[in-house]
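Colleague: I am new to this structure. Please give me a close look at the salt bridges, and then show me the setting they sit in.

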Amino acid sequence: MELFYYMVFGALGTVVAALEFSKSNKDRVNTSAAFNSFKNNYLLVYSLMMAGDWLQGPYVYYLYTTYGFGKGEIGQLFIAGFGSSMLFGTIVGSLADKQGRKRACVTYCITYILSCITKHSPQYKVLMVGRILGGIATSLLFSAFESWLVAEHFKRGFDQQWLSLTFSKAIFLGNGLVAILSGLFGNLLVDTLSLGPVSPFDAAAIFLAIGMAVILSSWTENYGDSSESKDLLTQFKGAAVTIASDEKIALLGAIQSLFEGSMYTFVFLWTPALSPNDEEIPHGFIFATFMLASMLGSSIASRLLARNSTRVESYMQIIFVISSASLLLPILTNFLVTPSKVKGGGITFAGCLQVLGFCTFEACVGIFWPSIMKMRSQYIPEEARSTIMNFFRIPLNIFVCIVLYNVRYWIS
């Protein structure tokens with residue numbers, strides 16, 4: 001492995017450690033023992049849920065190829081997952097508001113465990129069912145847990161500013177440290193222990209089952225609008241009216257969909273961007289480096305969110321500009337650096353520049369997540385929180401499906 005990768009990983013790790021250990025009193029918020037217990041319980045559950053998700057990600061495509069499926073069939077499976085999230089996401093979101101967020105979180109665990117079980121079958125139809133279940137689970141992961149947290153936080157009378165602590169720490173752990181450890185653990189199962197590409201899915205199911213046990217034993221139920229007189233269609237209409245009538249909520253949804261759309265596009269395209277001539281790049285190590293950059297972003301976000309004088313809306317404008325600039329690097333390097341025509345070999349100078357730019361983008365992602373969570377807690381009404389959050393994911397999933405359908409034209 002080239003020295004460049006170690007240098008970037010080491011530099012990011014050093015900065016993250018320095019930021020975490022150098023926090024002063026003004027970067028910290030004094031909280032109560034009751035809140036710390038509540039926060040740690042949620043972080044444990046959230047980390048287990050994210051471990052169940054991250055363990056699967058790197059091996060889904062690989063597993064399908066070992067079953068003998070081609071790019072076309074694999075693309076259809078992925079589109080089915082995002083399409084399922086789009087079609088069923090709003091329904092499960094409304095059910096979470098009406099039937100209870102704790103029940104929705106348990107449903108996430110059950111649905112994702114069933115999706116993991118389907119990975120043992122090489123049958124296309126069974127795998128398609130698994131992708132549909134996975135799409136439903138994804139909608140619940142990105143709505144039900146946050147909705148439960150926000151409602152429970154205020155129900156217990158905790159200070160609003162303390163919510164930001166939970167958000168930033170959840171992203172630091174769940175989207176950073178847990179992602180890195182999950183990648184290493186998955187590599188251990190598949191490559192070192194030679195347990196096969198389905199073993200990470202079995203491990204994910206175990207983590208999800210443990211998390212479900214913690215939820216069932218320690219969480220209380222909370223609801224949005226549980227009125228018996230409101231059916232699902234009425235809830236959908238109410239959420240749509242709320243979005244249409246409040247400009248801030250509508251803009252918040254647009255911001256979320258556009259940024260997450262660019263993030264998913266980046267996930268699909270960073271590999272061909274760094275190896276246009278089939279250069280040999282360490283995918284797992286680069287992924288871990290990106291996750292470390294995301295941890296750096298969440299660490300910065302925790303400092304920003306701890307200060308009442310700093311408005312999220314102000315610094316997020318800067319984050320969007322930096323994100324756009326970092327994703328322009330592949331285009332700029334094609335113009336400024338003479339592209340190599342040699343097949344194979346190590347990463348090029350242009351590739352090194354792009355890695356640095358992509359790490360910058362991942363740092364922005366680390367800032368984005370806790371910050372958008374903070375804004376959602378401020379602007380989205382409690383009675384329809386899960387429903388509205390899943391409405392936001394509809395344009396995102398449409399965009400991702402279009403990207404997936406056309407990605408072969410972009411990387412050919």
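Modeller: A salt bridge here is a side-chain nitrogen of Lys or Arg within 4 Å of a carboxyl oxygen of Asp or Glu. By that rule, a search of the whole structure finds 10 salt bridges. Keep in mind that this is a predicted model.

Begin with the pair of Arg 393 and Glu 260. They form a salt bridge, and their closest N and O atoms are 3.5 Å apart. Arg 393 belongs to helix α16 (residues 385-410) and Glu 260 to helix α11, so the bridge ties together parts that are 133 residues apart in sequence. Helix α11 itself covers residues 247-274.

Is this pair buried or exposed? Start with Arg 393. Its relative accessibility is 3%, so Arg 393 counts as buried. Glu 260 has a relative accessible area of 1%, and therefore Glu 260 is buried too. The cut-off behind both calls is under 20% relative accessible area.

Now look around Glu 260. Which residues does it touch, leaving out those up to four places away in sequence? They are Phe 368, Trp 369, Arg 393 and Leu 396. The salt-bridge partner Arg 393 is thus in the contact list as well.

Next, take Lys 169. It forms a salt bridge with Glu 20, and here the closest N and O atoms are 3.9 Å apart. This pair also links distant parts of the chain. Lys 169 is in helix α8 (residues 160-192), Glu 20 is in helix α1 (residues 3-21), and 149 residues separate them. Lys 169 is at 27% relative accessibility, so it counts as partly exposed.

Step back one residue along helix α8. Ser 168 is also placed in that helix. Its relative accessible area is 5%, so Ser 168 is buried. Not counting residues up to four places away in sequence, Ser 168 touches Ser 298, Ser 302 and Pro 370.

Now a third bridge. Glu 313 pairs with Arg 311, with the closest N and O atoms 3.5 Å apart. Arg 311 has a relative accessible area of 48%, and therefore it is partly exposed. Some bridges also share partners: Asp 97, Arg 101, Glu 382 and Arg 385 are joined into one network this way.

Turn now to the nonpolar side of the picture. The largest nonpolar core has 119 residues. Which of them touch the most other members? Met 49, Tyr 108 and Phe 145 do. Helix α15 (residues 349-379) gives the most to this core, with 13 residues.

Met 49 is worth a closer look. Setting aside residues up to four places away in sequence, its contacts are Tyr 108, Cys 109, Leu 141, Phe 145, Phe 207, Leu 208, Gly 211 and Met 212. Tyr 108 and Phe 145 are in this list.

Then there is Leu 48. It is found in helix α2 (residues 33-54). With a relative accessible area of 12%, Leu 48 is buried. It touches Phe 207, Ile 210 and Gly 211, again not counting residues up to four places away in sequence. Leu 48 and Val 178 are 130 residues apart in sequence, yet their C-alpha atoms are 8.5 Å apart in space.

Nonpolar side chains also reach the surface. Leu 87, Phe 88, Ile 91, Leu 95 and Ile 132 make a nonpolar surface patch of about 390 Å². Helix α4 (residues 71-99) supplies the largest share of that patch, 4 residues. Phe 88 is placed in helix α4. Phe 88 has a relative accessible area of 36%, which means it is partly exposed.

Last, the whole chain. It has 16 helices and 0 strands. How many of its 412 residues count as buried, in percent? The figure is 53%. About 18,200 Å² of the chain is exposed, and carbon and sulfur atoms supply 66% of that.

The C-alpha atoms fill a box of roughly 65 × 55 × 45 Å along the principal axes. A compact globule with 412 residues would have a radius of gyration near 22 Å, and the 21 Å of this chain agrees with that. Among contacts between residues at least 6 apart in sequence, 87% join residues at least 24 apart. The bridge of Arg 393 and Glu 260, whose parts are 133 residues apart in sequence, is one link between distant stretches.

Terms used: Residues are numbered from 1 along each chain as its sequence is written. This is a predicted model: local features need pLDDT of at least 70, side-chain atom pairs count only at pLDDT 80 or more; totals for chains, interfaces and linings use all residues. Side-chain values use heavy atoms; hydrogens and water are left out. Helices (H or I, at least four residues) and strands (E, at least two) are DSSP runs, numbered from the N terminus. Buried means under 20% relative accessible area, exposed over 50%, partly exposed in between (1.4 Å probe, protein chains only). Contact means heavy atoms within 4.5 Å. Patches are made of residues with over 30% relative accessible area and no salt bridge: like charges are joined within 9 Å, nonpolar side chains (Val, Leu, Ile, Met, Phe, Trp, Tyr) within 5 Å. Accessible areas come from the Shrake-Rupley method with a 1.4 Å probe; for residues, only the protein chains shown count as cover. A nonpolar core is a set of buried Ala, Val, Leu, Ile, Met, Phe, Trp, Tyr and Cys residues joined through side-chain atoms within 4.5 Å. The radius of gyration is taken over C-alpha atoms; the globule rule is 2.2 Å times the number of residues to the power 0.38.
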